[in-house]
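Here is a walk through one protein and its ligand. Keep the sequence and the 3D view side by side as you read.

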Amino acid sequence: MNNNIYIANLKMNGNIQLIDKYINIFKDYNENNLIILCPPFTLLGYSSHIINSNQSILSLGAQNIHHETEGAFTGEISANLIKPYSEFSIIGHSERRLNGESNEIITKKIITCFKNNIKPILCVGEYNYSDNVDETFKIIELQLKPLKNIILDSQLSLLIAYEPVWAIGNNNACDPDRVGEIANFIKSFTTNNININEVNILYGGSVDDKNHEDYLNQKNINGLLVGSASLDPSKFFKIVTNNR
Ligand code: PGA
């Protein structure tokens, strides 16, 4: 297993120059951590080419896939289409859930990922902060429950990013101890209910080069999903290399 997992979610941003900066800044990096760059679809081909030709340590992920693998779905992208470039895909990001993506569709997408050898990065999390953490547990349990029925191959592995929606993109990061508590809940739920080889739990929501260590210090957190701060490759590199 890798020590830590760091995901750069560029969302609907970026260009070739930004990808080149990523390649450049990670040029001499050789720690045993997994770094996954998730650019927009249109940059996956270029990113894959430049990663291979530079023998870069970076891995690639898509930001979403359709649950069907082909067909008449104008404007959509399938697992088949990203597979030549991308080892991972984010699934169920809150910015997609807010556009109407249901737990049922998200579950179908996870199945499609597993069938097509794409490793899913499942995002879960509550919309509104509640003082009562049990309420948050209930919401997350509802989001994870469908996995009980689908994961049959115990050799598979899953990344789960806990991303409280109220903490995304606003410098209002979640309290690290609370993240730790929720990670413990996710760990025990998945251990007791899901037949899978490995689950890694990440935190995402206003992670930056000042607060990142506080999350990685939590027992069951071994990765970070970074949005805004990933648009500055040197900031993202600081997060990965632990320099404040
Ligand atoms: P943020 O985004 O780091 O800008 O909060 C995280 C995410 O939405 O994945």
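Helices and strands here are DSSP runs, numbered from the N terminus; a helix has at least four residues and a strand at least two. The model is a predicted one.

Start with the ligand. Its surroundings are made up of N9, K11, H93, E163, I168, G169, G205, S206, L225, V226, G227 and S228. By class, this shell holds 3 nonpolar, 7 polar and 2 charged residues. Glycine counts as polar in that tally.

Now look at the oxygen atoms of the ligand. One lies 2.4 Å from a side-chain N or O atom of S228. For K11, the distance from a ligand oxygen to an N or O atom of the side chain is 2.6 Å. For E163, the corresponding distance is 2.9 Å. On its own, the ligand has 280 Å² of accessible area, and the protein covers 99% of it. The space that the ligand takes is the largest cavity.

Move next to the loop between helix 9 (212-216) and strand 8 (223-226), where Q218 is placed. Is Q218 buried or exposed? Q218 has a relative accessible area of 14%, so it counts as buried; the cut-off is under 20%. The side chain of Q218 has two partners to inspect. One is P176, whose backbone oxygen is reached at 3.3 Å. Another is D177: here the polar contact runs from side chain to side chain, at 3.5 Å.

Finish with the backbone. Which phi does Q55 have, although it is not a glycine? The phi of Q55 is positive, at about 45 degrees. Q55 belongs to the loop that links helix 2 (44-53) to strand 3 (59-62). With a relative accessible area of 74%, Q55 is exposed.

N117 is the next stop. N117 is not a glycine, yet its phi is positive, at about 60 degrees. Find N117 in the loop between helix 5 (103-115) and strand 5 (119-124). Its relative accessible area is 66%, so N117 is exposed; the cut-off for that class is over 50%.

Look back over the three loop residues. Q55 is exposed, and N117 is exposed, whereas Q218 is buried. Q55 and N117 each have a positive phi. Q218 has side-chain links to the backbone oxygen of P176 and to the side chain of D177.

Conventions. Residues numbered from 1 in each chain as written. Predicted model: local features only at pLDDT ≥ 70, side-chain atom pairs only at ≥ 80, totals over all residues. Heavy atoms only, no water. Buried < 20%, exposed > 50% of the residue type's maximum accessible area, 1.4 Å probe, protein only. Near = heavy atom within 4 Å. Polar contact = N/O pair within 3.5 Å; in protein donor to acceptor, adjacent residues only side chain to side chain. Areas by Shrake-Rupley, 256 points an atom, 1.4 Å probe, with all protein chains shown as cover. 1 Å grid on protein atoms, 1.4 Å probe; cavity = no way out; pocket = protein on both sides within 12 Å on 5 of 7 lines; lining within 4 Å. Sits in = over half its atoms within 2 Å of the grid points.
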